[in-house]
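Here's a quick tour of a protein model, written for anyone new to reading structures. Have a look at the picture first, then work through the points below.

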Amino acid sequence: GGRPAAARARAGGPFFLQVMVFDELEDLDFINQLALGFIGMAAGGKLHMSDVQQNLSAMLWVLAGTTVVTYIVSISSTML
């Protein structure tokens, strides 16, 4: 693979046993995408509009806070 032997040894699992190389990992990306789709479908099936409407204000505050903190951290880290 493209990583040094020490990095492969720390990674463990199939990389440590040399069953798989890091380059093959990109070929398995579709599995992550498929799993994420199933997780999204399962989570969406649990949502009820009445629950969303009751908690909309709190959700928007959390979203706004997360966005502002991320923005501040990003800008601060680029200025250092």
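**A first look**

Valine 68 has a relative accessible area of 48%, so this residue counts as partly exposed. Partly exposed covers the range between buried, under 20%, and exposed, over 50%. Keep in mind that you're looking at a predicted model.

**The nonpolar patch**
- You'll find valine 68 in helix H6, which covers residues 56-79.
- Val68 also belongs to a nonpolar patch on the surface, along with Tyr71, Ile72, Ile75 and Met79.
- Taken together, the residues of this patch have about 550 Å² of accessible area.

**The negative patch**
- Asp23, Glu24, Glu26, Asp27 and Asp29 make up a negative patch on the surface.
- Glutamate 24 sits in helix H3, residues 22-25.
- Is glutamate 24 buried or partly exposed? Its relative accessibility is 36%, so glutamate 24 is partly exposed.

**The whole chain**
- The protein chain is built with six helices and zero strands.
- Read from the N terminus, its elements go α-α-α-α-α-α.
- The chain has 80 residues, and just 5% of them count as buried.
- About 7000 Å² of the protein chain is exposed, and 68% of that comes from carbon and sulfur atoms.

**How confident is the prediction?**
- Mean pLDDT for the protein chain is 82, with 81% of the residues at 70 or more.
- Which element has the lowest mean pLDDT? That's helix H1 (residues 5-11), with 54, while H6 has the highest, 93.
- Where pLDDT is low, don't read the predicted coordinates in detail.

Definitions and conventions: Residues are numbered from 1 along each chain as its sequence is written. This is a predicted model: local features need pLDDT of at least 70, side-chain atom pairs count only at pLDDT 80 or more; totals for chains, interfaces and linings use all residues. Side-chain values use heavy atoms; hydrogens and water are left out. Patches are made of residues with over 30% relative accessible area and no salt bridge: like charges are joined within 9 Å, nonpolar side chains (Val, Leu, Ile, Met, Phe, Trp, Tyr) within 5 Å. Accessible areas come from the Shrake-Rupley method with a 1.4 Å probe; for residues, only the protein chains shown count as cover. A salt bridge is a side-chain nitrogen of Lys or Arg within 4 Å of a carboxyl oxygen of Asp or Glu. Lys and Arg count as positive and Asp and Glu as negative; His and the chain ends are not counted. The place of a charge is taken as NZ of Lys, CZ of Arg, CG of Asp or CD of Glu. Helices (H or I, at least four residues) and strands (E, at least two) are DSSP runs, numbered from the N terminus. Buried means under 20% relative accessible area, exposed over 50%, partly exposed in between (1.4 Å probe, protein chains only). pLDDT is the predictor's confidence in each residue, from 0 to 100.
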